[in-house]
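Colleague: Got a minute to walk me through this model? Please put the structure up first.

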Amino acid sequence: EVHILSISNQNKDTFFSCDQKIHLSKMLGKVEMKFFSKRPKYFTMKAFKYLFLHNIDVVIDVDIKMSNLTIPATKRLKNVKHIAWDNFSYECFMSVFHHQLALPKIKTHADAMVVLTERDRQLYMKEQNVPDGFIHQIYNPVSIKEDKPLSHSSFKVLSLGRFAHEKGFDLLLKAWAIVEKKIEGWTLDIWGDTGQDTGNVYSTFNQLKLERAFLHPSTKNVDQLFREAAIYVLPSRSEGLGLVLIEAGSFGLPLYTKAYRW
């Protein structure tokens with residue numbers, strides 16, 4: 001029996017398909033979110049109530065900063081296993097205070113810690129004294145792939161992700177403004193608009209007046225986009241081991257990413 005519990009998901013349905021047997025719940029409503037932002041103990045109380053009422057046996061945090069809130073809840077419940085999953089990177093850990101705040105709690109109270117890469121695992125052990133048998137490396141899984149070779153002979157550059165600051169689409173658009181002037185025939189397609197443009201994507205797009213760049217809403221048909229593209233670009237300011245890179249690579253796309261410091 002699987003439960004997916006989000007802090008505050010205002011949507012009734014998930015964007016991607018989800019097995020009907022999985023229980024989807026949200027922790028806080030809109031009014032409670034305002035209350036929670038100043039009182040994290042309220043979230044811990046709600047988490048404890050949910051775990052207790054549903055007889056949860058294992059808790060997995062999909063971001064280690066969540067352990068600041070869930071560990072105080074699980075500590076009060078006997079026989080509940082706790083797994084902290086760092087879905088970002090060690091560089092992110094070193095630059096985010098709430099991640100650093102969570103690690104001592106994780107080392108003391110959690111049952112295991114999971115990271116995306118072996119490099120991150122080694123860094124946590126060497127720099128943060130995380131025990132070898134405690135921390136485990138598990139790659140993100142690829143659920144879509146192409147079994148036959150593709151030519152990728154189009155003139156399309158593709159990028160996917162939320163229209164948010166950390167995704168760096170404003171940087172990509174500024175770079176594309178240079179490309180447009182020097183290279184004919186190529187187009188740039190950015191997919192991922194969810195209606196919350198926190199990355200200045202549209203304002204940058206409108207300011208640059210680009211002729212061969214296009215912004216699109218979120219889509220479920222990403223496999224078809226990978227088939228039609230010639231190059232995939234990941235312009236993120238910060239990423240862990242980006243799943244979209246693995247997916248694009250599985251379709252044989254040339255990949256380009258820029259490494260930024262956190």
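What follows is a short round of questions and answers on this chain.

Modeller: This is a predicted model, so local features need pLDDT of at least 70 and side-chain atom pairs count only at pLDDT 80 or more, while totals for chains, interfaces and linings use all residues. Residues are numbered from 1 along each chain as its sequence is written, and side-chain values use heavy atoms, with hydrogens and water left out.

Colleague: What share of the residues counts as buried?

Modeller: Buried means under 20% relative accessible area, exposed over 50%, and partly exposed in between (1.4 Å probe, protein chains only). The chain has 262 residues, and its C-alpha atoms fill a box of roughly 65 × 45 × 35 Å along the principal axes. The buried share is 41%.

Colleague: How do helix 2 and helix 3 lie to each other, roughly parallel or oblique?

Modeller: Helices are DSSP runs of H or I with at least four residues, strands are E runs of at least two, and both are numbered from the N terminus. Helix 2 (residues 40-53) and helix 3 (residues 67-74) pack at about 50°, with axes 8 Å apart; axes are lines fitted to C-alpha atoms, for helices over the stretch in contact, and angles run from 0 to 180 degrees between N-to-C directions. Under 35 degrees counts as roughly parallel, over 145 as roughly antiparallel, 65 to 115 as roughly perpendicular and the rest as oblique. Helix 2 and helix 3 are therefore oblique.

Colleague: And helix 7 with helix 8, roughly parallel or oblique?

Modeller: Helix 8 covers residues 201-208, and its axis is 8 Å from that of helix 7. The angle between helix 7 and helix 8 is about 15°. That pair is therefore roughly parallel.

Colleague: Is Phe169 buried or exposed?

Modeller: Phe169 sits in helix 7 (residues 169-182). Pro235 is 66 residues away from Phe169 in sequence, yet 6.3 Å away in space, C-alpha to C-alpha. Because its relative accessibility is 1%, Phe169 counts as buried.

Colleague: Which residue, not a glycine, has a positive phi of about 55°?

Modeller: Look in the loop between strand 8 (187-193) and helix 8. The residue there is partly exposed, with a relative accessible area of 47%. It's Asn200.

Colleague: And which one has a positive phi of about 50° without being a glycine?

Modeller: Go to the loop between strand 6 (135-137) and strand 7 (156-160). This residue is buried, at 13% relative accessible area. It's His152.
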